[in-house]
Amino acid sequence: MGTKSFRSYFIFLFYLIIFNNYINADQHKIILNSLFTQSSYPSINFALKQITSLQIDITFELNTTENVIIPCDVGTTVKILFNIINKTNLLNVLLSDACQNVLSYIAEAATYFHIPVFSFTESDLSLSSIDRYPFFNHIIPSDRDHNLVRKQLLQYFNWTRFGLIYQHGSKYTLVANDLSNLTATDKKQWEVNLTRGIAYRHGLEWHDDNVKNIKGLLNDFKARDVRIIIANFNQTIATHMFCHAAKEHIYGSRYQWIILGYPSFLSWWNEQTDCSIQELIRAINGTLQTRIPHLSIYDINEQPSYVLDYLEQFSNLERNYFDAYAYDTIWSLAYLYQSNILSNQTNIKTIVDNIDFNGATGRVRYLNGRRVGEILVEQYVVCRMMNDGSCKIPCYEKDKDCNLTVVKVFLAKNSDSKYDPPSLYEFNPIMWH
């Protein structure tokens with residue numbers, strides 16, 4: 001079955017189920033249907049309990065797929081989705097942390113049936129298309145926001161000439177194209193000197209090909225004397241890229257790497273490579289990254305009491321990088337449904353754009369269904385941590401107490417106008433080689 005026929009068949013089945021379930025709809029109970037890849041998000045239940053305790057005029061019922069963890073597979077997820085809908089009297093909202101490939105099918109079907117879809121993990125630019133996915137909403141800032149911050153960094157340090165590396169695939173290719181378009185508006189100020197894509201195949205049989213591709217790419221950057229390198233790739237490629245950057249000496253005082261940071265608490269550079277951990281640390285040292293914060297960096301006095309209660313209890317909950325974004329998703333829906341403004345869901349993005357509150361992940365606002373949120377600029381620094389929490393340098397990679405540490409450098413925040421570019425607020429000075 002071809003892609004087009006599969007989509008048509010998927011949408012047809014979806015319509016039959018939705019039509020049958022809408023006949024006996026309970027208008028007072030809001031069903032939150034979940035498609036999760038993780039076993040649980042305790043922050044969601046925490047938010048639901050808080051909303052129930054307030055005794056407002058809405059009731060949320062979380063319909064979860066117990067003991068079912070969805071994979072990043074369209075066919076399996078569609079089957080699970082049909083099972084969920086068959087057990088539900090009314091399909092109000094879909095919540096998901098699914099991958100982009102799965103979400104694109106779900107969001108496309110939702111377009112036909114006016115079903116709001118909220119993702120609190122996916123930032124892919126392909127899902128930000130208003131025409132194609134008018135009912136899809138990002139709860140985390142999209143990859144476009146990272147590019148806006150990168151553009152601010154280029155201006156801040158007067159870096160006018162840079163190169164782009166991107167992993168093949170829509171997620172990373174679109175980010176590179178978007179940054180090129182943003183900087184192309186003023187060709188006198190910026191020059192994209194070199195752009196290269198990288199294909200990476202997993203498996204020992206592809207090792208030599210991967211090494212050849214990465215070395216060839218890095219040598220192109222060295223030959224063109226590109227000093228500012230902006231890169232978009234996953235953690236596996238990042239580890240191998242910096243390994244060979246160490247071998248080709250494309251790091252240190254002559255180069256500045258800026259990568260798309262990973263929403264994870266783990267040290268991604270510990271993956272097995274052709275390099276020692278000391279070589280990797282040496283190459284990564286000084287790298288900048290843009291990343292979404294896992295919690296708000298607001299002044300505590302600006303937070304509502306229910307958010308403060310959540311932050312106080314957060315350390316006792318199962319930790320997931322996106323937990324606080326899941327929490328703010330539930331409260332976003334509470335603000336919408338409390339005013340009954342979702343009774344007519346034909347213009348969902350305009351309605352969602354009315355949300356404005358201080359949540360666990362900062363000020364929660366939306367523009368065309370895309371989160372207008374905070375972005376952190378961080379730096380990887382090889383340093384010796386002191387008792388007062390400061391990072392003292394220099395130290396050497398072979399020292400036992402010398403570690404690769406992530407240091408917050410800037411926080412990028414939007415002004416009261418959602419249309420203005422973000423402003424950089426300094427936390428700590430950059431540590432130059």
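Mentor: Two strands count as paired if DSSP finds at least two bridges between them. Please keep that rule in mind for this structure, which is a predicted model. An example of residues that face each other in such a pairing is Phe162, which stands opposite Val192 in β7.

Trainee: How do you know that strand β6 and strand β7 are paired?

Mentor: DSSP finds 7 bridges between β6 and β7 (residues 191-198), and the rule asks for at least two. The two strands therefore count as paired, and their sense is parallel. Leu164 also has a partner in β7, standing opposite Thr195. Between these strands the chain passes from β6 through helix α6 (residues 170-184) to β7, in a β-α-β crossover that is right-handed.

Trainee: What makes β6 and strand β8 a pair as well?

Mentor: The count for β6 and β8 (residues 228-232) is 4 bridges, again in the parallel sense. As at least two are required, β8 therefore also qualifies as a partner of β6. Here Leu164 stands opposite Ile230.

Trainee: Why is strand β6 described as largely enclosed?

Mentor: The description rests on a count: 6 of the 7 residues of β6 (residues 161-167) are buried, so the rest of the structure largely encloses this strand.

Trainee: What makes helix α11 "mostly covered"?

Mentor: In α11, 14 of the 16 residues are buried. The helix comprises residues 323-338 and spans 23 Å from its first C-alpha to its last, close to the expected 22 Å.

Trainee: Why is the contact between Arg132 and Glu108 called a salt bridge?

Mentor: The closest N and O atoms of Arg132 and Glu108 are 3.7 Å apart. The limit is 4 Å, and the pair therefore qualifies. Arg132 belongs to the loop between β4 (117-119) and β5 (136-138), while Glu108 belongs to helix α4 (residues 100-113), so this salt bridge ties together parts that are 24 residues apart in sequence. The structure holds 10 salt bridges.

Trainee: Are Arg132 and Glu108 buried or exposed, and what places each in its class?

Mentor: Glu108 has a relative accessible area of 15%; buried means under 20%, so Glu108 is buried. Arg132 has 43%, which falls between the limits of 20% and 50%, so Arg132 is partly exposed.

Trainee: How do you know that Asp143 and Lys171 form a salt bridge?

Mentor: Their closest N and O atoms are 3.3 Å apart, and a salt bridge requires a distance within 4 Å. The conclusion therefore follows for this pair too. Asp143 sits in helix α5 (residues 143-156) and Lys171 in helix α6, so that distant parts of the chain, 28 residues apart, are linked. Asp143 is buried, at a relative accessible area of 1%, whereas Lys171, at 24%, is partly exposed.

Trainee: What makes the contact between Asp225 and Arg227 a salt bridge, and which residues are joined with them in one network?

Mentor: The N to O distance for Asp225 and Arg227 is 2.7 Å, which is within the 4 Å limit. Both residues are partly exposed, Asp225 at 33% and Arg227 at 30%. Salt bridges that share partners join Asp225, Arg227 and Arg254 into one network.

Trainee: Why is Ser253 called exposed?

Mentor: Ser253 has 63% relative accessibility, and exposed means over 50%, so the term applies. Ser253 is placed in the loop between α8 (235-247) and β9 (256-260). From Ser253 to Arg227 the distance is 9.5 Å in space, C-alpha to C-alpha, with their positions 26 residues apart in sequence.

Trainee: What makes Thr361 a buried residue, and which residues does Thr361 touch?

Mentor: At a relative accessible area of 1%, Thr361 falls under the 20% limit and is therefore buried. Thr361 lies in the loop between β11 (356-359) and β12 (362-367). Among the residues that Thr361 touches are His294, Ser296, Tyr325, Arg371 and Glu374. Thr361 and Ser296 are 65 residues apart in sequence, yet their C-alpha atoms are 4.1 Å apart.

Trainee: How many helices and strands does the protein chain contain, and what share of its residues counts as buried?

Mentor: The protein chain has 12 helices and 17 strands. Of its 433 residues, 54% count as buried.

Note on methods:
Residues are numbered from 1 along each chain as its sequence is written. This is a predicted model: local features need pLDDT of at least 70, side-chain atom pairs count only at pLDDT 80 or more; totals for chains, interfaces and linings use all residues. Side-chain values use heavy atoms; hydrogens and water are left out. Buried means under 20% relative accessible area, exposed over 50%, partly exposed in between (1.4 Å probe, protein chains only). A crossover is right-handed if, with the strands pointing away from the viewer, the path from the first strand over the helix to the second runs clockwise. A salt bridge is a side-chain nitrogen of Lys or Arg within 4 Å of a carboxyl oxygen of Asp or Glu. The expected span of a helix is 1.5 Å times one less than its number of residues. Contact means heavy atoms within 4.5 Å. Lists of a residue's contacts leave out its neighbours within four places in sequence.
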